[in-house]
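Work through the exercises below with the sequence and the 3D view open. Try each task before reading its solution.

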Amino acid sequence: SKFPINCYRNENCNENYTTDFIYQLYSEEGKGVFDCRKNVLGHMQQGGAPSPFDRNFGTKISAKAMQWISKKLKETYRKGKVFANTDDSVCLLGMRRRNLVFQPVAELKSETDFVHRIPKEQWWLKLRPLMKILAKYKTSYDVSDSGQLEHVAMLPKEAETGA
């Protein structure tokens, strides 16, 4: 089986080591062992220049991720092989109530709305009644809002055209 390899570089790298060069190098050297793909993230990134907070947070979260990976490798290494076959061997690192938490992807499945590609429950939806009051929205001010997102359903073709 082939293993995917990630390689990162930024705009301040050596001009001779271009994305194309690195891709070609890894493709040639990894035949039969790993796959190589190119992906330039520029258009996917959002926001301006990173703040000192962003840089500090990035350092903290990457250090925590590396500690977790090292710990998992030590726990699962047996007879020259790594056995990462439990649910907690595939995790996402994120913020939960002011804490950095590793959450197994298997657990996230039950919390995800795959059709709309968002979480099923979002904390900020509980603020909607307050938002409506502050916006002087003409509605019932029922504060028992469930925090569930009401999705807009797609109309059938006949309803769109008025036929």
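The exercises go from the overall fold to single residues and then to a pocket.

**Exercise 1. The fold**

Task: State how many helices and strands the protein has, and give their order.

Solution. Start with the source: this is a predicted model. Count the elements next. There are 5 helices and 8 strands. Now read along the sequence. The pattern is β-α-β-α-β-β-β-β-α-β-β-α-α. Then turn to burial. The protein has 163 residues, and 10% of them count as buried. Finish with the contacts. Take those between residues at least 6 apart in sequence; 32% of them join residues at least 24 apart.

**Exercise 2. A strand pair**

Task: Find out how β5 and β6 are joined, and which way they run.

Solution. Count bridges first. β5 and β6 are joined by 6, and the two strands run antiparallel. Place two of the partners. C91 is bridged to P104 in β6. L93 has F102 as its bridge partner in β6. Now look at the connection. The two strands form a hairpin, with 2 residues between them. R97 sits in that turn.

**Exercise 3. Two positive phi values**

Task: Compare K79 and R97. In which loops do they lie, and are they buried or exposed?

Solution. Begin with the background. Most residues other than glycine have a negative phi. Check K79. Its phi is positive, about 50°, although K79 is not a glycine. K79 lies in the loop between β3 (77–78) and β4 (81–82). Its relative accessibility is 86%, so K79 counts as exposed. Check R97. Its phi is also positive, near 45°, and R97 is not a glycine either. The loop between β5 and β6 holds R97. The cut-off for exposed is over 50%. R97 has 77% relative accessibility and therefore counts as exposed.

**Exercise 4. L93 and its surroundings**

Task: Classify L93 by accessibility and list its contacts beyond four places in sequence.

Solution. Locate L93: strand β5, residues 91–96. Apply the limits. Under 20% is buried, and over 50% is exposed. L93 has 24% relative accessibility, so L93 is partly exposed. Now leave aside neighbours within four places in sequence. The contacts are I61, K64, A65, L100, V101 and F102. F102 is also the bridge partner of L93 in β6. Close with one distance. L93 and S62 are 31 residues apart along the chain, and their C-alpha atoms are separated by 9.5 Å.

**Exercise 5. T76 in its helix**

Task: Decide whether T76 is buried or exposed, and find the backbone oxygen that lies 2.7 Å from a polar atom of its side chain.

Solution. T76 belongs to helix α2, residues 52–76. Its relative accessible area is 13%, so T76 is buried. Look at the side chain. A polar atom there lies 2.7 Å from the backbone oxygen of K72. Then go beyond four places in sequence. T76 is in contact with K81, V82 and F83.

**Exercise 6. The second largest pocket**

Task: Describe the volume and the lining of the second largest pocket.

Solution. Take the volume first: about 700 Å³. Then take the lining. There are 19 lining residues, and the closest to the centre are R96, Q103, E111, P119 and E121. Sort the lining by element. β5, β6 (99–104), α3 (105–111) and β8 (118–119) each give two or more residues. β5 gives the most, with 5. Sort by class last. The lining has 9 nonpolar, 4 polar and 6 charged residues.

How values were computed
Residues are numbered from 1 along each chain as its sequence is written. This is a predicted model: local features need pLDDT of at least 70, side-chain atom pairs count only at pLDDT 80 or more; totals for chains, interfaces and linings use all residues. Side-chain values use heavy atoms; hydrogens and water are left out. Helices (H or I, at least four residues) and strands (E, at least two) are DSSP runs, numbered from the N terminus. Buried means under 20% relative accessible area, exposed over 50%, partly exposed in between (1.4 Å probe, protein chains only). Contact means heavy atoms within 4.5 Å. A polar contact is a pair of N or O atoms within 3.5 Å; within protein, one must be able to donate a hydrogen and the other to accept it, and residues adjacent in sequence count only if both atoms are side-chain atoms. On a 1 Å grid over the protein atoms alone, a cavity is a set of points where a 1.4 Å probe fits but cannot get out, and a pocket is an open set with protein on both sides within 12 Å along at least five of seven lines; lining residues have an atom within 4 Å of a point. Grid points are joined across faces, edges and corners, and a volume is the space filled by probe spheres set on the points. Ala, Val, Leu, Ile, Met, Phe, Trp, Tyr, Cys and Pro count as nonpolar, Asp, Glu, Lys and Arg as charged, and the others, Gly among them, as polar. Two strands pair if DSSP finds at least two bridges between them.
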